[in-house]
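User: Please take a close look at one residue of this structure and at the enclosed space around it. I am new to this structure, so a connected account would be welcome.

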Amino acid sequence: MPRHQTPFFAAALWASPFRPFFLLALAYGPLLIAAWLATLHGLWPPTALPAGLWHGHEMIFGFAMAVIVGIALTALPGWAGTPEIHGRRLAVLVVLWLAGRAAFHLAPQLPAHLPAVIDNLLLPVLIAFLAPQLLRAANPLYLLLLPILGALWAANIAFYAGHSGADPARAASALHAALYAIIVLFVLKGGVLTQVFTGNALRARGRGTQASFRRGLETVATAAVVALAIADLGGAPRALSGGLALFCALVHAWRTARWQGWRVIDEPLVLLMQFGFLWLILAFALKAAADLGGIVPANTWIHAFTVGALGMMMLSLMTRVGLRHTGRPLALPASLGAAALLMLAAALLRQAVEVAGLGLRPVTLAALLWGAAILVPLCRFGPLLLRPSLPRAAPRADPAARPPSGG
């Protein structure tokens, strides 16, 4: 690296979307947890927003958004055949993400409505970059990414509208809407990736082949989540939302069982993805238990998804993308196996906190475990993201390894 070239402006950083966005997410996540814990313990001055709202907003539109953008923009060229966004256009997206985070945190010092404007620039620009590419993709189902990104954009606008109108309930509802949009993305794209990678592992070990893609089941699985979101956000009777949540748990249990993940328990990266879907099923079951019988607190399911399902899936996909696209062997390093165990411990403890009504100390411990689980890949991958990829042999053509029709 030339002396005048700082790591942030290293040429390798702008070669692929996963590089800057993974680096930002992995650095920002632990900082968010530290700031949130400082607020909970009275070590940080109170903000205009309740701690739960600003924590939820930044975990979704800061941390998770960076991971989603990094994974999606890196995967689309290989799966949908779209050109890769890199160089200046990638730098534009990164600057908009950074500007949004700065505007959110500096909101009290900025003119009214300016933070909302700045923080709502990333998604429309991302949609504008992707729409022409996806319209030309051979598989039109990749266009489903656009309404999901649009729903996230609308949710962020609604969040700021609730905040500016001193309506915390509206802001919280907007965050729930954003969460449902991420769940739909998880079900759609995470499901395809998990099914394909599980099938690849089964074939590689001579244990079978990939489960057949059933368009009807995939449609029902996605539509059920959308119906649950509409019912829950629309204030439908709890019997209806609980029944839909139970149906979601059952249909996704059937869908996940078809992939036969238990047969590739010796493939850690795939196993983490399977664990992600087990946590998703648990989240739906907890939502049903809360709405149908009040057996658990109403929001227990949220952390089952965000810490359990999303945490496991993010660790798996960030590891897979980071290793594969930097030319490293596709095997889970021991350090990242430890990170997965930390994430699992954080998810289990967070559930215990919700169900048993434990105090601040267990909440603090769960948050520290989550932060540690994110710090591990930052230390492991951070330096690699700033270096050029190692040369690797072109992969052999394997039609069976392509995404299923309609995926």
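Analyst: Leaving aside residues up to four places away in sequence, His57 touches Gly62, Arg101, Phe104, Asp119, Asn156, Phe159, Tyr160 and Leu175, where contact means heavy atoms within 4.5 Å. The model is predicted, so local features need pLDDT of at least 70 and side-chain atom pairs count only at pLDDT 80 or more, while totals for chains, interfaces and linings use all residues. Residues are numbered from 1 along each chain as its sequence is written, and side-chain values use heavy atoms, with hydrogens and water left out.

His57 belongs to helix H2, residues 51-79; helices are DSSP runs (H or I) of at least four residues, numbered from the N terminus. With a relative accessible area of 0%, His57 is buried, a term for values under 20% with a 1.4 Å probe and protein chains only. The side chains of His57 and Asp119 are joined by a polar contact of 3.5 Å.

Asp119 also appears in the lining of the second largest cavity: of its 13 lining residues, Phe61, Asp119, Leu122, Leu123 and Asn156 lie nearest the centre. Two or more residues of this lining come from each of H2, helix H3 (87-105), helix H4 (114-119) and helix H5 (122-135). H3 contributes the most, with four residues.

Key:
Buried means under 20% relative accessible area, exposed over 50%, partly exposed in between (1.4 Å probe, protein chains only). A polar contact is a pair of N or O atoms within 3.5 Å; within protein, one must be able to donate a hydrogen and the other to accept it, and residues adjacent in sequence count only if both atoms are side-chain atoms. On a 1 Å grid over the protein atoms alone, a cavity is a set of points where a 1.4 Å probe fits but cannot get out, and a pocket is an open set with protein on both sides within 12 Å along at least five of seven lines; lining residues have an atom within 4 Å of a point.
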